[in-house]
Amino acid sequence: MQPQVVLDRVSAGYANRSVLKQLTLCVPSFAITAVVGPNGSGKSTLLGVIAGVIPVTGGSLEHRTPGRPSLVVQRSKAADALPLTVRDAVAMGRWGRRGLWRGLSRRDRDVVDASMDRLGITSLAHRQLGELSGGQRQRALVAQGLAQEADLLLLDEPSTGLDATARRLIADVLAEMAAQGVTIVQVTHDLEAAGAAEHVVVLQEGRLWAEGAPVEVLTDRAVERVWRLPGRV
Ligand SMILES: Nc1ncnc2c1ncn2[C@@H]1O[C@H](COP(=O)(O)OP(=O)(O)OP(=O)(O)O)[C@@H](O)[C@H]1O
């Protein structure tokens, strides 16, 4: 297994709040890694650290390839308030390559069209992002992530609030991308989705609880201990 990202005793957090503590882990290349853990365990913070938007305060972080990762976060109120169509939002995925003020090339437009098509939102292209349903907006944000054509795609709970069809669609898109050579890291509360990933990282209170193949890591005992679930009677 060739790692795409290696974290060695990484600590990170926010002003006056340390969140990740001495985290050592690997993200395997060309595979899906699921990051799981209870609320507040540091999953989104880890994604921000890997994306380079949250600075490391200790330890080291290495990427195998130099390009900028693509980060797909959940809907933000700020983005919803902007007068953006779905097509505009997906096209923003090309900004990193084109620069903000240069027009889109033929190829950029083709990638934007293909990304919308892959997520089944072509018919929504001219709708305002702010007036979409939660699931439609989530698909648009994933399409924006696809349009970036990054080596590393980072997604924060991409399937939360989606119906079964949309969840399946996104899972299929991600599996297809991994097969095409993209490395994917997905934060999720859906342990079933995590069980379908190649690699799982379990966080608890900012520390690594375990990492490895889902069958090794997501045992009943681990789930009870990490999520502090009472044993079933
Ligand atoms: N912008 C911020 N400023 C200060 N503290 C923050 C910020 N964002 C998150 N935190 C804190 O960092 C800790 C980890 O948060 P994080 O969002 O990484 O957890 P998470 O595992 O993704 O949680 P959830 O499952 O609830 O989404 C929490 O204690 C949270 O309150």
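The exercises below work through a predicted model, each with a solution in steps.

**Exercise 1. Describe the shell around the ligand: which residues surround the ligand, and which element gives the most to this shell?**

Solution. Begin with the list of neighbours: the ligand is surrounded by Y14, R17, V19, G37, N39, G40, S41, G42, K43, S44 and T45. Next, assign these residues to elements, where β2 (17-28) and α1 (43-51) are the ones that give two or more residues to the shell. Of the elements, α1 gives the most, with three residues. Finally, sort the shell by residue class, which yields two nonpolar, seven polar and two charged residues.

**Exercise 2. Find how β1 and β2 are joined, and name the bridge partner of Y14 in β2.**

Solution. Strand β1 (residues 3-14) pairs with β2 in the antiparallel sense, over eight bridges. The two strands form a hairpin with two residues between them, and N16 in the turn has a positive phi of about 65°. Within this pairing, Y14 has R17 in β2 as its bridge partner; Y14 and R17 are also both among the residues that surround the ligand.

**Exercise 3. Work out where the largest nonpolar core lies in relation to the two domains.**

Solution. First set out the division of the protein, which consists of domain 1 (1-69 + 150-233) and domain 2 (75-149), with 24 Å separating their centres, taken over C-alpha atoms. Then consider the contact between them, in which twelve residues of domain 1 meet twelve residues of domain 2. On the side of domain 1 that touches domain 2, β6 (152-156) and α7 (164-179) each supply at least two residues, and α7 gives the most, with four. That side of domain 1 divides into nine nonpolar residues, one polar residue and two charged residues.

Turn now to the core, which has 59 residues, those with the most contacts inside it being V35, V90, A140, A143, L154 and V200. Helix α6 (residues 134-147) gives the most to this core, with six residues. Because domain 1 and domain 2 both give residues to the core, it lies between them. For a closer view of one member, V90 touches V112, S115, M116, A140, A143, Q144 and A147, when residues up to four places away in sequence are not counted.

**Exercise 4. Explain why strand β8 is described as largely enclosed, and identify the strands that pair with it in the steps below.**

Solution. Start from burial: five of the six residues of β8 (residues 199-204) are buried, so the strand is largely enclosed by the rest of the structure. Strand β3 (residues 32-36) runs parallel to β8 and is joined to it by four bridges, with V36 standing opposite V202. Strand β9 (residues 207-212) pairs with β8 in the antiparallel sense over five bridges, and here L203 has L208 in β9 as its bridge partner. The strands β8 and β9 form a hairpin with two residues between them.

**Exercise 5. Compare F30 and E205 by backbone angle, by location and by exposure.**

Solution. As background, most residues other than glycine have a negative phi. Phi of F30 is nevertheless positive, near 60°, and phi of E205 is positive too, near 50°. As to location, F30 is found in the loop between β2 and β3, whereas E205 is found in the loop between β8 and β9. For exposure, F30 has 17 other C-beta atoms within 10 Å and is partly exposed, while E205, with 13 C-beta neighbours inside 10 Å, also counts as partly exposed.

Definitions and conventions. Residues are numbered from 1 along each chain as its sequence is written. This is a predicted model: local features need pLDDT of at least 70, side-chain atom pairs count only at pLDDT 80 or more; totals for chains, interfaces and linings use all residues. A residue is near a molecule or strand if its C-beta atom, placed from the backbone, lies within 6 Å of it. Ala, Val, Leu, Ile, Met, Phe, Trp, Tyr, Cys and Pro count as nonpolar, Asp, Glu, Lys and Arg as charged, and the others, Gly among them, as polar. Domain bounds come from an automatic or database domain assignment. Two residues are in contact if their C-beta atoms, placed from the backbone, lie within 7 Å. A nonpolar core is a set of buried Ala, Val, Leu, Ile, Met, Phe, Trp, Tyr and Cys residues joined through C-beta atoms within 7 Å. A residue is buried if 20 or more other C-beta atoms lie within 10 Å of its own, exposed if 12 or fewer, and partly exposed in between; C-beta atoms are placed from the backbone. Two strands pair if DSSP finds at least two bridges between them.
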